[in-house]
Protein chains: 2
Amino acid sequence: LLASTYHTKIYHGIGDDAAVWQPSRSHRSVISSDVSVEGVHFRREHASAADIGYRALAVNLSDLAAMGARPVLATIALTIPLDVTTDWLLDAYRGMVELALRSRIALVGGDISRGAALSFGITVVGEVSSTRLTMRSGARVHDVIAVTGPLGRSRAGLALLKDTTLVQRVGNEALIKDALQAHRRPEPRLDYAKFLSASAHVHAMMDISDGLSVDLLRMMRASKCGAVVNFVPSALATQSIAHAAETDAHEWALHGGEDFELLITVERRAFRHVSMRFEKYFSKPLLCIGYCREEEGCVEDKTGIFEPLVQGGWDHLLRKT
Amino acid sequence: LLASTYHTKIYHGIGDDAAVWQPSRSHRSVISSDVSVEGVHFRREHASAADIGYRALAVNLSDLAAMGARPVLATIALTIPLDVTTDWLLDAYRGMVELALRSRIALVGGDISRGAALSFGITVVGEVSSTRLTMRSGARVHDVIAVTGPLGRSRAGLALLKDTTLVQRVGNEALIKDALQAHRRPEPRLDYAKFLSASAHVHAMMDISDGLSVDLLRMMRASKCGAVVNFVPSALATQSIAHAAETDAHEWALHGGEDFELLITVERRAFRHVSMRFEKYFSKPLLCIGYCREEEGCVEDKTGIFEPLVQGGWDHLLRKT
């Protein structure tokens, strides 16, 4: 099932007990593992096999991107219940291969096991030069906090899948497609990360996987400072679908998660420069959402009144929405 | 939960999107992923949390050992159902830490997710010098085939757990303990692998995880030759427990799997020398089980009559015993 995709540095891919590769000398190696479980991270009725495979790998690549690293290879440990067919698995694998080829990484095999729940345990390895390495702990007081794109698209996509009548109420096909695409095929921001990690002015970086509210707090805790948020950018799709669903787009943007946009902090004086260069490169702006301050914790600036930022994102142990 | 154990080369362990380390220059990196699923690889009623954690990691280290590699770090992606307590998880983690410390590897974090079935997705990374790297595809015609210890102990241990009346019928406490230990706390053969991979006469190496019958066939296929097996060493515990269970010890040794002994092929003329040195080092012999021949497939030599070696080991897709 798991054929090795082409990669120059892979000395030995699948077929043995382990894969072998030669890391380059000037770089550090980076590793990240994530598991995608049916019923928690995806549902087979909501997405095609190829989408699910793609997504499971994308989530992992996003973690590596968030360190400023270039992904090199991935291993896949599958658990499959009896009702999953070989055809389904092959399709899921095709989704992974598509992203692997596009991201220029090798799939070097892994493990398949029977089990009660379908799950994808994926480990990605990459490399990063020490100057590019960007941690979540690097934020400094007075830094500008920004995100690489508007939020809540994936959450809006999920809402569409959960309530099929919503599609009619929204009407606008382009927005529906945008939200579904964001949910089914999130784009790991490898290009943005490459660009941003090259700048010494970008002090901290992470990907927004569990929700801005939760992930910003994690970044601030790691950096031992606090954040004032004065703008939470929600996507057009988020706004229009939330409106149709009679719910708050702001909530979806703040707590929805799974957009995999990058959350960064930038040296205050350099922000304009970094932002302009970013826009020139990617034809889209860096979105400033607030700034770092000494006082710990995260607050939302509601026209002059600071309210504590509620933690509403996904916590796998507490099982909050 | 996942604290980073001490390791010199780890530049950044847990707490960020990914872990970072510096591979040494003269070595290749090796990676392997395995998933241990409740109901398939372990049962909570059969072993303590610490044993289950230990075992999940041991299986992975064994894969690395089988390449001649020195393990460096491991990541852990947990899926936990609602009935697993934090105490249970901490105990499982203790089992992993115990083995991690003994094997001098770092646990660099990973991922925790809710899910229907308890599973441990573990990825280990190690390094190996190119001269030591030993594949399963290296076997040559006329090589001696050997294993690093008698087989079937883990299968015997499983039988004891499945049928509690068996314990009484066996009687011998030392043998019972030996079988249970082999099942609950298999020892990854890192020392043997280090010794064997240093010898240029050891052409092929892999660990016996799914059963000698299946794994030998895999090795022969990878090496494009065949094998004649004339002796399948079963442990004393295997024999005595199989006898009490009124079943065939030979079957357990041949198909039982999960002993994690190493399967090797050695240059015929050098076997005596390698074997003597091995015995001197480890105070136990290398057990010769047969030889490689040109004709593909595996046969068992039953006093002059060659019978095809039945494939009775564990196949996760076919779900055979």
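1. Let me start with helix 1 of chain A, where a quick length check works out well. At 1.5 Å a residue, its 17 residues should span 24 Å, and the end C-alpha atoms are indeed 24 Å apart, so expectation and model agree. Please keep in mind throughout that this is a predicted model. As for its surroundings, 17 of the 17 residues of helix 1 of chain A are buried, which means that the helix is largely enclosed by the rest of the structure.

2. Stepping back to the whole of chain A, you will find 10 helices and 13 strands. The chain has 321 residues, of which 62% count as buried. Looking at contacts in chain A with a separation of 6 or more, 83% come from residues 24 or more positions apart. The exposed area of chain A is about 13300 Å², and carbon and sulfur atoms supply 50% of that area.

3. Strand 10 of chain A deserves a look of its own. Is it enclosed or open to the outside? Five of its five residues, 262–266, are buried, so the strand is largely enclosed by the rest of the structure. The cover is found on both faces: L262(A), I264(A) and V266(A) are buried on one side, and L263(A) and T265(A) are buried on the other.

4. Which strands pair with strand 10 of chain A? One is strand 7 of chain A (residues 144–147), which pairs with strand 10 in the antiparallel sense over four bridges. Within that pairing, I145(A) has T265(A) as its bridge partner. Another is strand 8 of chain A (residues 202–207), which also runs antiparallel to strand 10 and is joined to it by five bridges. Here D207(A) stands opposite L262(A). To trace this on your screen, the two residue pairs I145(A) with T265(A) and D207(A) with L262(A) give you places to begin.

5. T134(A) sits in the loop between strand 6 (119–129) and strand 7 of chain A. Although T134(A) is a loop residue, it counts as buried, at 4% relative accessibility. A polar atom of its side chain lies 2.7 Å from the backbone oxygen of R132(A). Leaving out residues up to four places away in sequence, T134(A) touches A66(A), M67(A), S197(A), V202(A), H203(A), A204(A) and M205(A). Some of these partners fall in a strand you have already met, since strand 8 of chain A covers residues 202–207.

6. G39(A) is in another loop of chain A, the one between strand 3 (27–37) and helix 1 (49–65). Its relative accessible area is 37%, so G39(A) is partly exposed. For a sense of scale, G39(A) and I176(A) are 137 residues apart along the chain, and their C-alpha atoms are separated by 23 Å.

7. The corresponding stretch of chain B offers a buried loop residue. H46(B) is found between strand 3 (27–37) and helix 1 (49–65) of chain B, and with a relative accessible area of 15% it is buried. What does H46(B) contact, leaving aside its neighbours within four places in sequence? The partners are L161(B), K162(B) and R184(B).

8. Two backbone angles are worth checking by eye. Most residues other than glycine have a negative phi. K224(A), however, has a positive phi, near 55°. K224(A) is placed in the loop between helix 7 (212–223) and strand 9 (226–229) of chain A, and it is exposed, with a relative accessible area of 65%. In chain B, H142(B) also has a positive phi, near 85°. H142(B) lies in the loop between strand 6 (119–129) and strand 7 (144–147) of chain B, and its relative accessible area of 51% makes it exposed.

9. Finally, the cysteines. How many disulfides are there over all chains? The count comes to zero, where a disulfide would need two cysteine sulfur atoms within 2.5 Å. For C288(B), the nearest cysteine sulfur belongs to C292(B) and is 10 Å away. C288(B) is partly exposed, with a relative accessible area of 33%. For C298(B), the nearest cysteine sulfur is that of C225(B), 8.8 Å away. C298(B) counts as buried, at 7% relative accessibility.

Key: Residues are numbered from 1 along each chain as its sequence is written. Chains are lettered from A and ligands numbered from 1 in the order in which they are written. This is a predicted model: local features need pLDDT of at least 70, side-chain atom pairs count only at pLDDT 80 or more; totals for chains, interfaces and linings use all residues. Side-chain values use heavy atoms; hydrogens and water are left out. Buried means under 20% relative accessible area, exposed over 50%, partly exposed in between (1.4 Å probe, protein chains only). Two strands pair if DSSP finds at least two bridges between them. Contact means heavy atoms within 4.5 Å. Accessible areas come from the Shrake-Rupley method with a 1.4 Å probe; for residues, only the protein chains shown count as cover. A polar contact is a pair of N or O atoms within 3.5 Å; within protein, one must be able to donate a hydrogen and the other to accept it, and residues adjacent in sequence count only if both atoms are side-chain atoms. The expected span of a helix is 1.5 Å times one less than its number of residues.
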